[in-house]
Amino acid sequence: MTLITTLLLTAFNVQAALPGDSIYQLNSDWQNRQGNSLNIRQLAGKKRIVAMIYTDCITACPVIVSDLKSIQAALGTEQQQGLGFVLVSLTPAKDTPKIMRHFAKKRKLDEHWTLLSGNDEQVRTLAMALNIRYMGLADGEVAHSNAITVLDEQGRVQLQQTGLPGGPEALIDKLGL
């Protein structure tokens, strides 16, 4: 059996074994900051910290990203390998791959970060699955929940909270990293 065949079978088995309450059951295709298509199921296999933001936000979103960067900075190299950070755009029409690449560069987001943009229906469906509320405002801003959601390796919500009460170390302890 070739390595590629083994990897494909392993990926299929992980996806086939997803529990019913996994957000990866949404089986939706998104676009990452490189402009490549990424099926949400491809995120399975490691814990993920997910936040829904938009790149031109000047209020809550920079705080959310800063909180996530604090978590990453508090982790050792080995701990970082078992965790990924996912930012999902609430304004997919504006947050093109080029904009997301610029945002990632400006915020110094490394390879542990996945930035995703989909269509309005995908964003709404994922937001509902994560219990994130949002609404576009007349001035172009987006009012939204400021939640940080932790998914286990199979895409089940393990924890959801606003901000980092107790600092990044408290969240890391809750995750058992």
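**Close-up views of helix 4, I40 and Q122**

K108, which follows helix 4, has a positive phi, near 55°. The model shown is predicted: local features need pLDDT of at least 70 and side-chain atom pairs count only at pLDDT 80 or more, whereas totals for chains, interfaces and linings use all residues. Residues are numbered from 1 along each chain as its sequence is written, and side-chain values use heavy atoms, with hydrogens and water left out.

**View 1. The buried and exposed residues of helix 4 (residues 97–107).** Helices (H or I, at least four residues) and strands (E, at least two) are DSSP runs, numbered from the N terminus. P97, M100, F103 and A104 are buried (under 20% relative accessible area, with exposed over 50% and partly exposed in between; 1.4 Å probe, protein chains only). Because these buried residues fall within an arc of 120° seen down the axis of helix 4, they line one face of the helix; the arc is that of the directions from the helix axis to the C-beta atoms. K98, H102, K105 and K106, on the other side, are exposed. The elements covering the buried residues include strand 1 (29–32), strand 3 (47–53) and helix 2 (60–74).

**View 2. I40 in the loop between strand 2 (37–39) and strand 3.** I40 counts as buried, at 2% relative accessibility. Among the residues that I40 touches are I23, Y24, W30 and L126, not counting residues up to four places away in sequence (contact: heavy atoms within 4.5 Å). D29 is 11 residues from I40 in sequence and 6.2 Å from I40 in space, C-alpha to C-alpha.

**View 3. Q122 in helix 5 (residues 120–129).** Q122 is buried, with a relative accessible area of 15%. A polar atom of the Q122 side chain lies 2.7 Å from the backbone nitrogen of N119. Not counting residues up to four places away in sequence, Q122 touches S28, D29 and W30.

Note on methods. A polar contact is a pair of N or O atoms within 3.5 Å; within protein, one must be able to donate a hydrogen and the other to accept it, and residues adjacent in sequence count only if both atoms are side-chain atoms.
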